[in-house]
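Load the model in your viewer and keep the sequence panel open. The stops below each begin with a selection.

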Amino acid sequence: MHKYCFAALDQTLRDILRFKDPSILDRPFGGKTIIFGGDFRQILHIGCSIDGIEKVEIPDDLLTHNCDDPIHGIVESTYSDFLRHFTDIKYLQERAILAPTLQMVESVNDYMVSLNNSHDKSYLSSDTICMSDHAFTSLEHVHAPEFLNSIKCSGIPNHSIALKVGVPVMLLRNIDQSSGLCNGTRLIITKLENRVIEAKVLLGKMAGDKVFIPRMTLTPSDTRIPFKFQRRQFLVILSFAMTINKSQCQSLCNVGLFLKKHVFAHGQLYVALSRATSRKGLKILCYDEDGKITNEATNIVYKEVFQNLEDRSFE
């Protein structure tokens, strides 16, 4: 969630509760106890010490071997007979390739799209500096549109998106929760227009429903960007492959785990392996630091997270 969401909640609670006690205006969240957190059994939202890194051995039956081209190898093991089934919705909704970084995901998605010979349609974003940003100065005027277009960061779509009818995509933001259009929802494109994308929901209670995706304006919250800018674009990303973080809560019959680079956060390996509904549907392609295929993967678990946790069932 963007920090402005929490700031709005903070101010709202202060405004409501001040009628009972005027001093509440000076208390965070109106004096109410607020807990921010995720599933400690999955990927943590905070950084910890580096002591939790260890190597785990991957069973031979889960490994993908003999890969001259790593991308081709993981695609073959996950999307077998893709050219024969690429129009089958059930085939696409049951499988995905997972990788630790967005760069690896994009390379797999680009390869998968190239296998589909249908006509593609490119969409370009409109990027502008946020003039209302309190940190805005005359120096930001020098940022050319070409520079803004080149920025890539997590949580927002790229400046240029090339899509084809029949390819799966994933939403990057909540659009309409009542219609099942939430962050992480997978869709399959059925029609491409200039101002709207028609698609069908792949998974969940709304599976099979036809929906329409508009362009929306987003402001990235990446702290590495020293200024605020807005990007107006369709809030989708190709999802033949997805990052391990984005795959949380997904259940898939066939999962290809592409570890050209090792995982880098607590719980990532666990999340990736547990996306597959069966051992038979899991394939792993893992490389060492020298770029050679290996049967050892890095696992990161911060055991201090589990301290003070009682052995009990959660309802």
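The tour goes through two helices, two sheets and a group of aromatic rings.

**Before selecting**

This is a predicted model, in which local features need pLDDT of at least 70 and side-chain atom pairs count only at pLDDT 80 or more, while totals for chains, interfaces and linings use all residues. Residues are numbered from 1 along each chain as its sequence is written, and side-chain values use heavy atoms, with hydrogens and water left out.

Helices (H or I, at least four residues) and strands (E, at least two) are DSSP runs, numbered from the N terminus. Buried stands for under 20% relative accessible area, exposed for over 50%, and partly exposed for what lies in between (1.4 Å probe, protein chains only).

**Stop 1: helix α1**

Select residues 3-17, which make up helix α1. The expected span of a helix is 1.5 Å times one less than its number of residues. For the 15 residues of α1 that gives 21 Å, and the end C-alpha atoms are 22 Å apart, so the two agree.

Now show the side chains of Asp 10, Leu 13 and Arg 14, the buried residues of α1. They cover an arc of only 100° around the axis, which puts them on the same side of α1; the arc is that of the directions from the helix axis to the C-beta atoms. Turn to the face pointing away from this buried side to find the exposed residues Tyr 4 and Ile 16.

Gln 11 is also in α1. Is Gln 11 buried, exposed or partly exposed? Its relative accessibility is 40%, so Gln 11 counts as partly exposed. Draw a C-alpha to C-alpha distance from Gln 11 to Arg 27: the two are 16 residues apart in sequence and 9.9 Å apart in space.

Next, select Arg 18 and Phe 19. The charged end of Arg 18 sits over the ring of Phe 19, 4.4 Å from its centre. The criterion is NZ of Lys or CZ of Arg within 6 Å of the ring centre and within 35 degrees of the ring normal.

**Stop 2: the aromatic rings**

The structure holds six aromatic pairs. Rings of Phe, Tyr and Trp (its six-membered ring) pair if their centres lie within 6.5 Å; planes under 30 degrees apart count as stacked, over 60 as edge-to-face and the rest as tilted.

Select Tyr 79, Phe 82, Phe 86, Tyr 91 and Phe 240, which ring pairs link into a cluster. Tyr 79 and Phe 82 meet edge-to-face, at 6.0 Å centre to centre with 85° between the planes. Tyr 79 and Phe 240 are edge-to-face as well, at 5.9 Å and 75°. Tyr 79 lies in the loop between α2 (70-78) and α3 (82-85) and Phe 240 in the loop between β11 (236-238) and β12 (241-243), so this pair ties together parts that are 161 residues apart in sequence. Tyr 79 and Phe 82 are buried, and Phe 240 is buried too.

**Stop 3: the four-stranded sheet**

Select β12, β2, β13 and β14, which form an open sheet in that order with parallel pairing. Two strands pair if DSSP finds at least two bridges between them. The edge strands, each pairing on one side only, are β12 and β14 (282-286). From one strand to the next the twist averages 25°; axes are lines fitted to C-alpha atoms, for helices over the stretch in contact, and angles run from 0 to 180 degrees between N-to-C directions.

Narrow the selection to β2 (residues 95-99), where five of five residues are buried. In a regular strand the side chains alternate between the two faces of the sheet. Here Arg 95, Ile 97 and Ala 99 are on one side and Ala 96 and Leu 98 on the other, and both faces are covered.

Four bridges join β2 to β13 (residues 254-259). Arg 95 stands opposite Asn 254, and Leu 98 opposite Leu 257. Three bridges join β2 to β12, with Thr 243 as the bridge partner of Ala 99.

**Stop 4: the seven-stranded sheet**

Select the strands in the order β4-β10-β9-β8-β7-β6-β11, an open sheet with antiparallel pairing. β4 (126-129) and β11 are its edge strands, and the twist averages 40° from one strand to the next. Zoom in on β9 (residues 210-218) and β10 (residues 229-234), joined by four bridges. Arg 215 has Phe 234 in β10 as its bridge partner.

**Stop 5: helix α5**

Finish with residues 102-115, helix α5. Its 14 residues should span 20 Å, and its end C-alpha atoms are 20 Å apart, which agrees. The buried residues of α5 are Met 104, Val 105, Glu 106, Val 108, Asn 109, Met 112 and Val 113.
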